[in-house]
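Visitor: Please take a close look at one part of this model, namely its enclosed spaces, and explain how the helices and strands around them are arranged.

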Amino acid sequence: MAVVLAVLVVVGVFAGSQTIFAGRVVEPFSELGVLGPKMKIGDYPKEVIAGENFSLYLYVGNHEGKVMYYAVLVKLGNATTLISMEEPLEVAEMARYEIMLLDGKNCTKPFTLSLAEAGVNYRLVFELWAYDEGVHDFEYQRRWCQLWLNVTKPVVP
Amino acid sequence: MLASILVLLVFPHVDSAFAIDEISMDEARDKLAEAFETVAEAEGTGGDVSGLVDELNEAAILLERAEVEGNEGLLRDLLLKVEGVIAEAPVVGQRGAAEEQARMVWSWFVVGLTVVLAVIVWRYEPRVFWRLWVRSKRGWKVKA
């Protein structure tokens, strides 16, 4: 009898906890990544030609417990650019990619960029922003990554 | 004035066509954001918004292409998609709320049933057990 009672109590507690706690996300977070031209981490271009397109992939993941509207802003800095975890870069965006993701979903999106001016130690900075329904605008999510690039002048035939 | 009335009578959709053509990129982006808010609200009430999210992602791709190509037709398609999502989201949300309520009722029913069963077992199980035991040993004879 005690065993049967114990089993029933455990089943009851389990069923009750599922009712109360199902679907809650304990530590919500978002993911941002940049993948190389072969859709893998690594093999990133280190040198590109001015005015010529080069391809990369953006990876965004949603673990916030709700549907999210993300925007990835691509900005160009250099060796002296200060990047803060708290504040976005105060530079005009050169590209913007938007995606909506359900909780638990991720997306890998190809994109193509080109840089007009030759130079060394450029920093291609990718910032993750998300739409906040409370303020009706996008907010910086303190997630960013960067790619160092040298841009060479095109060879004149 | 007569000419404009005649135009409106002959071309009843002129106003809506002009409204779509006049939409700017910023307005299209605002409309997309508005649609997202309705979808988020529908999800909050338990609705399955996966189909709506797919529609909005297609609209976001149209917006990207419209920015690059400057094609107004893309903005028109975007607006149609977004308006469709804004109309459908509340329905999805209501359906989700009803399903969520049914799930909650079922879950608490299972919990209540478990508690009732536990009480019954605690109250009657010894009597039932021993009755069955005696019945199973009915044919036995005690030999001194």
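**Helices, sheets and cavities**

Guide: In this predicted model, helix H3 (residues 25-44) and helix H5 (residues 72-136) of chain B pack with their axes 8 Å apart, at an angle of about 20 degrees. That angle makes H3(B) roughly parallel to H5(B). The crossing in which H3(B) passes H5(B) is left-handed.

H5(B) has a further neighbour in helix H4 (50-69) of chain B. The axes of H4(B) and H5(B) come within 9 Å and cross at roughly 160 degrees. H4(B) is therefore roughly antiparallel to H5(B), since an angle over 145 degrees counts as such. Here too, H4(B) passes H5(B) in a left-handed crossing.

H4(B) leads directly to the first of the enclosed spaces. The structure holds two cavities of 30 Å³ or more, and the largest has a volume of about 50 Å³. Residues of both chains line this largest cavity: A:Arg96 and A:Glu98 from chain A, with B:Arg29, B:Ala60, B:Leu63, B:Glu64 and B:Glu67 from chain B. H4(B) gives the largest share of that lining, four residues. Strand S5 (93-101) of chain A also supplies at least two lining residues, as H4(B) does. In character, the lining comprises five charged residues, two nonpolar ones and no polar ones.

S5(A) in turn belongs to an open sheet of five strands in chain A, ordered S2-S8-S7-S4-S5, with mixed pairing. Strand S2 (47-49) and S5 of chain A occupy the edges of this sheet; each has a single partner strand, so one side of each is left without a neighbour in the sheet. On average, neighbouring strands of this sheet are turned by 35 degrees against each other, direction ignored. At the S2 edge, S2(A) pairs with strand S8 (residues 137-152) of chain A in the parallel sense, over three bridges. A:Val48, for example, has A:Val151 in S8(A) as its bridge partner.

The second largest cavity, with a volume of about 40 Å³, again involves S5(A): S3, S5 and S6 of chain A each supply at least two residues of its lining. The residues concerned are A:Leu58, A:Val60, A:Val72, A:Tyr97, A:Ile99, A:Cys107 and A:Lys109. Six of the lining residues count as nonpolar and one as charged, with no polar residue.

Whereas S5(A) is part of the five-stranded sheet, S3(A) and S6(A) belong to another open sheet, of three strands in the order S1-S3-S6, with antiparallel pairing. Strand S1 (29-35) and strand S6 (106-113) of chain A stand at its edges, each with a single partner strand, so one side of each lacks a neighbour in the sheet. Neighbouring strands of this sheet are turned by 20 degrees against each other on average, direction ignored. S1(A) and strand S3 (residues 54-63) of chain A run antiparallel and are joined by seven bridges. Among the residues so linked, A:Gly33 has A:Tyr59 of S3(A) as its bridge partner.

Taken together, S5(A) contributes at least two residues to the lining of the largest cavity, alongside H4(B), and at least two to that of the second largest cavity, alongside S3(A) and S6(A). The lining of the largest cavity has five charged residues, whereas that of the second largest cavity has one.

How values were computed. Residues are numbered from 1 along each chain as its sequence is written. Chains are lettered from A and ligands numbered from 1 in the order in which they are written. This is a predicted model: local features need pLDDT of at least 70, side-chain atom pairs count only at pLDDT 80 or more; totals for chains, interfaces and linings use all residues. Side-chain values use heavy atoms; hydrogens and water are left out. Two strands pair if DSSP finds at least two bridges between them. Axes are lines fitted to C-alpha atoms, for helices over the stretch in contact, and angles run from 0 to 180 degrees between N-to-C directions. On a 1 Å grid over the protein atoms alone, a cavity is a set of points where a 1.4 Å probe fits but cannot get out, and a pocket is an open set with protein on both sides within 12 Å along at least five of seven lines; lining residues have an atom within 4 Å of a point. Grid points are joined across faces, edges and corners, and a volume is the space filled by probe spheres set on the points. Ala, Val, Leu, Ile, Met, Phe, Trp, Tyr, Cys and Pro count as nonpolar, Asp, Glu, Lys and Arg as charged, and the others, Gly among them, as polar. Angles under 35 degrees count as roughly parallel, over 145 as roughly antiparallel, 65 to 115 as roughly perpendicular and the rest as oblique. A crossing is left-handed if the near helix is turned anticlockwise from the far one by less than a right angle, and right-handed if clockwise.
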